[in-house]
Amino acid sequence: MTAPTKPMPNSPAPGDSPEPTGDALHTPVIAWFDAHARDLPWRREDAGPWGVMVSEFMLQQTPVSRVLPVYEQWLARWPRPADLAKEAPGEAVRAWGRLGYPRRALRLHGAAVAITERHGGDVPTQHGQLLALPGIGEYTAAAVASFAYGQRHAVLDTNVRRVFARAVTGVQYPPNATTAAERRLARALLPEDERTASRWAAASMELGALVCTAKNENCARCPIADRCAWRTAGKPAHDGPARRGQTYAGTDRQVRGKLLAVLREALTPVPQAVLDQVWDEPVQRARALDGLVADGLVEPLPDGLYRLPLT
């Protein structure tokens with residue numbers, strides 16, 4: 001039985017529709033999750049805390065379909081943090097492939113080193129210890145503590161924020177950046193029971209990923225459609241700041257990706273002349289390469305050579 005939750009803070013609800021309570025949301029959403037959750041490798045018992053942590057790094061701003069093959073290769077090569085910690089950070093960047101945002105690979109490597117040095121190679125169990133690891137912020141610490149150890153934490157990713165914005169606050173989209181009000185609401189909605197809270201975190205995330213999506217919400221499949229404040233209010237259109245889509249073609253990010261692709265494929269340092277061939281515009285190409293060096297993703301060597309970092 002779901003334990004009672006604390007009263008929720010006041011939040012605007014268009015049309016004066018009543019706010020659904022945590023109790024009214026937990027049971028149907030968790031029951032839906034039990035029936036419809038995807039069978040993902042990081043959700044299986046044998047994934048362990050390290051598998052959960054790797055998945056959380058990889059899934060940031062990256063769809064599951066792209067993560068799956070890289071995740072499986074990564075865990076086959078580095079089944080424990082100590083295995084990754086023994087490698088050069090450049091090997092993490094190489095194995096990251098085309099997942100995008102490759103600084104995540106360096107951060108995951110740094111976390112693996114810290115876990116090996118501070119925690120005997122085991123992913124720490126306490127939220128504060130997780131938060132103290134390099135490259136881990138509030139979301140990742142809460143997600144690992146919840147999904148790996150079944151603890152009670154508010155796990156606020158984009159999908160969860162969208163579900164809460166619609167179901168409780170009655171607006172189409174959450175703010176562009178997580179607000180204090182959203183954190184208070186997430187804490188207020190948490191079931192008191194740890195196991196139920198961890199299931200709620202996973203279930204509300206899955207609901208946002210599969211049903212209450214950004215562009216094509218499927219209310220007919222939603223287990224809480226009858227108590228959704230946004231739907232009850234007639235689905236008022238978003239009236240906040242414009243939501244900008246991410247562009248890629250022609251950006252420095254695309255150039256960085258092309259430069260890194262050459263370096264990932266190379267087993268020896270790469271001459272500047274080879275890198276110059278990946279992009280015609282010299283100023284943008286130089287800016288992208290300088291950015292990679294500044295971010296620690298590329299190591300410059302004498303005589304105009306470059307490689308992935310060894311230290």
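Biologist: How many cavities of 30 Å³ or more does the structure hold?
Modeller: This is a predicted model, and the structure holds two cavities of that volume or more.

Biologist: What volume does the largest cavity have?
Modeller: About 120 Å³. The lining of the largest cavity is made of 15 residues, and those closest to its centre are Arg166, Cys212, Cys219, Cys222 and Cys228.

Biologist: Which helices each supply at least two residues of that lining?
Modeller: Helix H9, residues 158–169, and helix H12, residues 229–232. H9 gives the most to the lining of the largest cavity, namely three residues.

Biologist: And by class, what is in the lining of the largest cavity?
Modeller: There are 11 nonpolar residues, one polar residue and three charged residues.

Biologist: Now the other one. How much space lies in the second largest cavity?
Modeller: About 50 Å³.

Biologist: Which residues line the second largest cavity?
Modeller: From the earlier part of the chain numbering there are His153, Ala154, Val155, Leu156, Val160 and Phe164. The lining also has Ala186, Leu190, Trp200, Ala201 and Ser204. H9 and helix H11, residues 194–210, are the elements that give two or more residues to this lining.

Biologist: Which element has the largest share there?
Modeller: H11, with three residues in the lining of the second largest cavity.

Biologist: How many charged residues are in the lining of the second largest cavity?
Modeller: None are charged; nine are nonpolar and two are polar.

Biologist: Let's move to H11 itself. What span should its 17 residues have?
Modeller: At 1.5 Å a residue, H11 should span 24 Å. The C-alpha atoms at its ends are 24 Å apart, so the expected span and the model agree.

Biologist: Is H11 mostly covered or mostly open, and how many of its residues are buried?
Modeller: Mostly covered, with 12 of its 17 residues buried. Among the buried residues are Trp200, Ala201 and Ser204, which also line the second largest cavity. Others on the buried list include Thr196, Met205, Glu206 and Gly208.

Biologist: What covers the buried residues of H11?
Modeller: The cover includes helix H1 (22–36), helix H8 (138–149), H9 and helix H10 (180–189). H9 also gives residues to the linings of the largest cavity and the second largest cavity.

Biologist: One last thing. At the start of H11, what does a side-chain oxygen of Asp193 reach?
Modeller: The oxygen of Asp193 comes to within 3.4 Å of the backbone nitrogen of Arg195.

Definitions and conventions: Residues numbered from 1 in each chain as written. Predicted model: local features only at pLDDT ≥ 70, side-chain atom pairs only at ≥ 80, totals over all residues. Heavy atoms only, no water. 1 Å grid on protein atoms, 1.4 Å probe; cavity = no way out; pocket = protein on both sides within 12 Å on 5 of 7 lines; lining within 4 Å. Points joined across faces, edges and corners; volume = space filled by probe spheres on them. Helix = DSSP H or I, 4+ residues; strand = E, 2+ residues; numbered from the N terminus. Nonpolar A, V, L, I, M, F, W, Y, C, P; charged D, E, K, R; others polar. Expected span 1.5 Å × (residues − 1). Buried < 20%, exposed > 50% of the residue type's maximum accessible area, 1.4 Å probe, protein only. Contact = heavy atoms within 4.5 Å. Polar contact = N/O pair within 3.5 Å; in protein donor to acceptor, adjacent residues only side chain to side chain.
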